[in-house]
Amino acid sequence: MKNWNDFSLPLHITQTDEYLKAFNKKVDYYYNQLNLLTSMSSLSKFKKEFTASLKKLKNQQKLIGNAFNYYLKGRQQKSIEIVHKIIKDNKDILIHPIKKAYAFKGNSMYVDFEEELDELYLVRGRIVEPHKELPAEEMLHIPLNMRENVDTYRYSIPGVPGLYLSQNSYILWNELRNPSLDQLTISNFDLKELLNENIIDLSYYIELFYDALEHVETYQLLDKQILSTIKTLRVIPLVIACSVVYDNNSNRKFKVEYLFPQLLMQYLNSKCIGIAYRSTRIQKGNLTSANLAIPILDFVSRKKYGNIIKKIKVSDSLNIGYFNSFVFGNSELGILKKGNGPSAKSRGYVFSFNNLSSYFSFNTILPVLPAPTYDNMVNYAHSLFYYFDEYLLFLKEVKNISF
């Protein structure tokens, strides 16, 4: 499947040598369509800012092409330098504390960096034997003393374990390539103590930016929202470069689609700890689909998981297949009164599927979105995954883990 001449992401290729051509065609399409908006009367007073942002978009496209060519010529350090320049030149868009990042606020129509989160729960899963569940300590990343087991991922550094978290269980299920539900067990991760840490944010739902600007009156955007969205246009090439999918099942050692995500990982350090990125497993819809990758860059003698476990809390896992078969929609259970999780107190230690309030971080932002869907399918707020995340947050205590 090729979608080089439309707004949709991820961008699909079937051959390694298609990457740069597909990237340029996709960026050119965005540029040409966005450039047409500069003549709209509703955006006339923003023409200066619009023109400046699109000029930077084209410059970033050129830099990414240069970095790609240097990499294939074996000059990886030059590629890293270019990518670092892109990040530094766009720090106001790309780097934010987790509490201010676009990724986890569900604001898919425009960018608002003023609003801050005061809590954040993300999920992590493992594929297990049917209906099996695991204690919290077994839901962490690969231990530092087992680096030889670290695989190569889109957002990874060779030999460096990483913590990979998803915005909700539906995204997670897709990231793990849709395993049978009874073979998927999931834990909550409380990131409250990490909210002030900086990350690179690549999760922007750029497909909707054009629609929001073209129909400013419909979206009822304020001037500051329009300006924020226009400013963000300049990072479109980097988002596209990191959102390429290879639709060929051949066994490959070099994965060209991982090139830019892995170059970005080289930027991370103690002052910028991770990357929020959009899932390439979800094709359409109007909901953000963000994941968070945090490489464990510190090496602490005799500590298996690094210093990050001092700042996170983790729950024991719950098998989503068990939930689906024996809890969800079971009228005999009706009301459950045994939760120890973060939302249990707010619910009065009572959980009911009837008139369910939202407490899980992602679910709390759904009311501001019209007809929230993934893959243009069923309303997400009525899905199994929505209810699972709420139940997990109610049922399972999050706790510190020490080794």
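Is cysteine 242 buried or exposed? At 3% relative accessibility, cysteine 242 counts as buried in this predicted model. The other cysteine to consider here, cysteine 272, is likewise assigned to the buried class, with a relative accessibility of 4%.

Burial aside, the disulfide count for the structure is zero. Cysteine 242 takes part in no disulfide, and the nearest cysteine sulfur to its own belongs to cysteine 272, 13 Å away. Seen from the other end, the sulfur of cysteine 272 has that of cysteine 242 as its closest cysteine sulfur, and a bond is ruled out because 13 Å is too far. For reference, the cut-off for a disulfide is a sulfur pair within 2.5 Å.

Aromatic side chains offer a good deal to look at, with 30 aromatic pairs in the structure. One of them joins phenylalanine 362 and tyrosine 374 in a stacked arrangement, with 6.5 Å from centre to centre and 15 degrees between the planes. Both residues belong to the loop between strand S13 (351–352) and helix H12 (384–395), and 12 residues separate them along the chain. Phenylalanine 362 is buried, at a relative accessible area of 2%, and tyrosine 374 is buried too, at 3%. Another pair, tyrosine 380 with tyrosine 386, is edge-to-face: the centres are 6.4 Å apart and the planes make an angle of 85 degrees. Here again the partners are buried, tyrosine 380 with a relative accessible area of 3% and tyrosine 386 with a relative accessibility of 6%.

Two rings also carry a charged neighbour over the face. The charged end of lysine 58 sits over the ring of tyrosine 31, 5.0 Å from the ring centre. Arginine 252 lies over the face of tyrosine 246, and in that case the distance to the ring centre is 3.6 Å.

Turning to the helices, threonine 38 is found in the loop between helix H1 (19–37) and helix H2 (47–72). Threonine 38 is buried, with a relative accessible area of 11%. A polar atom of its side chain lies 2.6 Å from the backbone oxygen of asparagine 35. Beyond its neighbours within four places in sequence, threonine 38 is in contact with Lys47, Phe50 and Leu54.

Helix H2 itself has 26 residues and reaches 38 Å from its first C-alpha to its last, close to the 38 Å expected at 1.5 Å a residue. The buried residues of H2 include Phe50, Leu54, Leu57, Gln61, Ile64 and Phe68. In general, an α-helix has 3.6 residues a turn, so residues three or four places apart point the same way. The cover over the buried residues of H2 includes H1, helix H3 (76–89), helix H6 (206–214) and helix H10 (259–265). Just after H2, glycine 74 adopts a positive phi of about 85 degrees.

Finally, helix H12 contains phenylalanine 394, a buried residue with a relative accessible area of 0%. Leaving out residues up to four places away in sequence, phenylalanine 394 touches a set of residues that includes Leu336, Lys338, Asn340, Ala344, Arg347, Tyr349 and Phe351. Lysine 345 lies 8.5 Å from phenylalanine 394, C-alpha to C-alpha, although the two are 49 residues apart in sequence.

Notes:
Residues are numbered from 1 along each chain as its sequence is written. This is a predicted model: local features need pLDDT of at least 70, side-chain atom pairs count only at pLDDT 80 or more; totals for chains, interfaces and linings use all residues. Side-chain values use heavy atoms; hydrogens and water are left out. Buried means under 20% relative accessible area, exposed over 50%, partly exposed in between (1.4 Å probe, protein chains only). Rings of Phe, Tyr and Trp (its six-membered ring) pair if their centres lie within 6.5 Å; planes under 30 degrees apart count as stacked, over 60 as edge-to-face and the rest as tilted. Helices (H or I, at least four residues) and strands (E, at least two) are DSSP runs, numbered from the N terminus. A charge sits over a ring if NZ of Lys or CZ of Arg is within 6 Å of the ring centre and within 35 degrees of the ring normal. A polar contact is a pair of N or O atoms within 3.5 Å; within protein, one must be able to donate a hydrogen and the other to accept it, and residues adjacent in sequence count only if both atoms are side-chain atoms. Contact means heavy atoms within 4.5 Å. The expected span of a helix is 1.5 Å times one less than its number of residues.
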